[in-house]
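Please open the structure in a viewer and keep the selection tool at hand. The tour proceeds by stops, each with something to select.

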Amino acid sequence: MPKVPLPTLMLVPALLAASQPDTDARIAAAARNSYNFRVHLKGDTLEVASRSGAVTLSGTVANEFHRTLAEETVKDLPGVTSVTNLLVLKAEASATAPDVWLATKVRTALRYHRNVDEATVGVAARDGVVTLSGRIGSAAQKGLAQDIAGNVDGVKEVRNTLRVVPPGAKTLAEKIDDASVTAQVKAVLLAHRGTRMLATHVKTDRGVVTLGGEARNSAEKILVERLTSDVKGVRRVRNRMTVAP
């Protein structure tokens, strides 16, 4: 076996040490450039610091869902070994009333759905009754928005006052990175009353989502797959969940 010159061996630790700052910089850049950070979290004040792959999130976010979404997005980035979430809620959100929190969950569920334009839908909640207002592209989408809102944990009733207004020309959809897709799927499953208690494992590779974990029955397994396939950015779903005996 040929001998490696001593100077070369001495260079290896130095090269490894020099490469780590580059990796940390790429992690921070990937987080800031992710779809979730640029679109869903753009109104929040977020700082991402990485040291040897250990990421610390700091700053303020609008609500608990944004706090979770930021952590889940970063957690799935290449090179990340751990995430410390020091994000705090903005002052007005820290004392969020139950109805405001419920409206936030409904907006989140609508936002990540590929067939609903959440930007044109208003959501208000009072004593568990959710009112949808604004406009929607079709009667089918109006019904879909009601179904999505009605299945959010905590919603007792949905009053759907959405107006059907056919949309104009569609623009080319933006490609969503895998880390953002994974985080969105987890958020949707967390918000849905039928799946929020399931320990579902989610992994995304080029838009193909692989689901793992255990469902209590076949109906739950099918429900998780359907909810996942409806999330923006999901190209295909591989459902490898097992059903409890």
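The stops below begin with the whole chain and then turn to individual residues.

**The whole chain**

Please note at the outset that this is a predicted model. Display the protein as a cartoon: its secondary structure comes to eight helices and 12 strands. The protein has 245 residues, and buried residues make up 40% of them. Next, consider how the chain folds back on itself. Among contacts between residues at least 6 apart in sequence, 68% join residues at least 24 apart. If a surface is switched on, the exposed area is about 13500 Å², of which carbon and sulfur atoms supply 56%.

**Salt bridges around helix α3**

The structure holds eight salt bridges, and the next selections visit some of them. Select E72 and K75, which form a salt bridge whose closest N and O atoms are 3.4 Å apart. Both residues belong to helix α3, residues 64–75; because they are three residues apart there, about one helical turn separates them. Colouring by accessibility sets the two partners apart: E72 counts as buried, at 15% relative accessibility, whereas K75 counts as partly exposed, at 38%.

Keep E72 selected and add K186. Their side chains meet in a salt bridge, with 2.8 Å from N to O. This pair links distant parts of the chain, since K186 is in helix α7 (residues 178–191) and E72 in helix α3, 114 residues apart. K186 counts as partly exposed, at 26% relative accessibility.

Now move to K203 and D76. Here, too, the side chains meet in a salt bridge, at 3.4 Å from N to O. K203 lies in strand β9 (residues 200–205) and D76 in the loop between α3 and β3 (82–85), so this salt bridge ties together parts that are 127 residues apart in sequence. K203 counts as partly exposed, with a relative accessibility of 47%.

To close this stop, select E71, E72, K75 and K186 together: salt bridges that share partners join these residues into one network.

**A positively charged patch**

Which residues gather in a patch of positive charge on the surface? Select K175, R235, R236, R238 and R240 to display it. One of these residues, R238, lies in strand β11, residues 236–239. R238 counts as partly exposed, at 35% relative accessibility.

**R111 and H113**

Select R111, which lies in helix α5. Is R111 buried or exposed? At 15% relative accessibility, it counts as buried. Showing the surrounding residues brings up H40, H66, E118 and K232, with which R111 is in contact when neighbours within four places in sequence are left aside. For a view across the sequence, add V188: R111 and V188 are 77 residues apart in sequence and 9.4 Å apart in space, C-alpha to C-alpha.

Proceed to H113, in the loop between α5 (98–111) and β5 (121–126). H113 counts as buried, with a relative accessibility of 8%. Leaving aside neighbours within four places in sequence, H113 is in contact with L144, I148, D230 and K232. K232 may therefore be kept on display from the previous selection, as it is among the contacts of R111 and of H113.**The end of strand β9 and two unusual backbone angles**

Return to strand β9 and select D205, which is placed there. D205 is partly exposed, with a relative accessible area of 45%. Add T182 to the selection: D205 and T182 are 23 residues apart in sequence and 9.3 Å apart in space, C-alpha to C-alpha.

Then select R206, in the loop between β9 and β10 (208–215). What is the phi of R206? It is positive, about 55°, although R206 is not a glycine. Most residues other than glycine have a negative phi. R206 is exposed, with a relative accessible area of 63%.

The last selection is D127, in the loop between β5 and β6 (129–136). D127 likewise has a positive phi of about 55° and is not a glycine. The relative accessible area of D127 is 56%, and the residue is exposed.

Terms used. Residues numbered from 1 in each chain as written. Predicted model: local features only at pLDDT ≥ 70, side-chain atom pairs only at ≥ 80, totals over all residues. Heavy atoms only, no water. Salt bridge = Lys/Arg side-chain N within 4 Å of Asp/Glu carboxyl O. Helix = DSSP H or I, 4+ residues; strand = E, 2+ residues; numbered from the N terminus. Buried < 20%, exposed > 50% of the residue type's maximum accessible area, 1.4 Å probe, protein only. Patch = residues over 30% accessible without salt bridge, like charges linked within 9 Å, V, L, I, M, F, W, Y side chains within 5 Å. Areas by Shrake-Rupley, 256 points an atom, 1.4 Å probe, with all protein chains shown as cover. Lys, Arg positive; Asp, Glu negative; His and termini not counted. Charge placed at Lys NZ, Arg CZ, Asp CG, Glu CD. Contact = heavy atoms within 4.5 Å.
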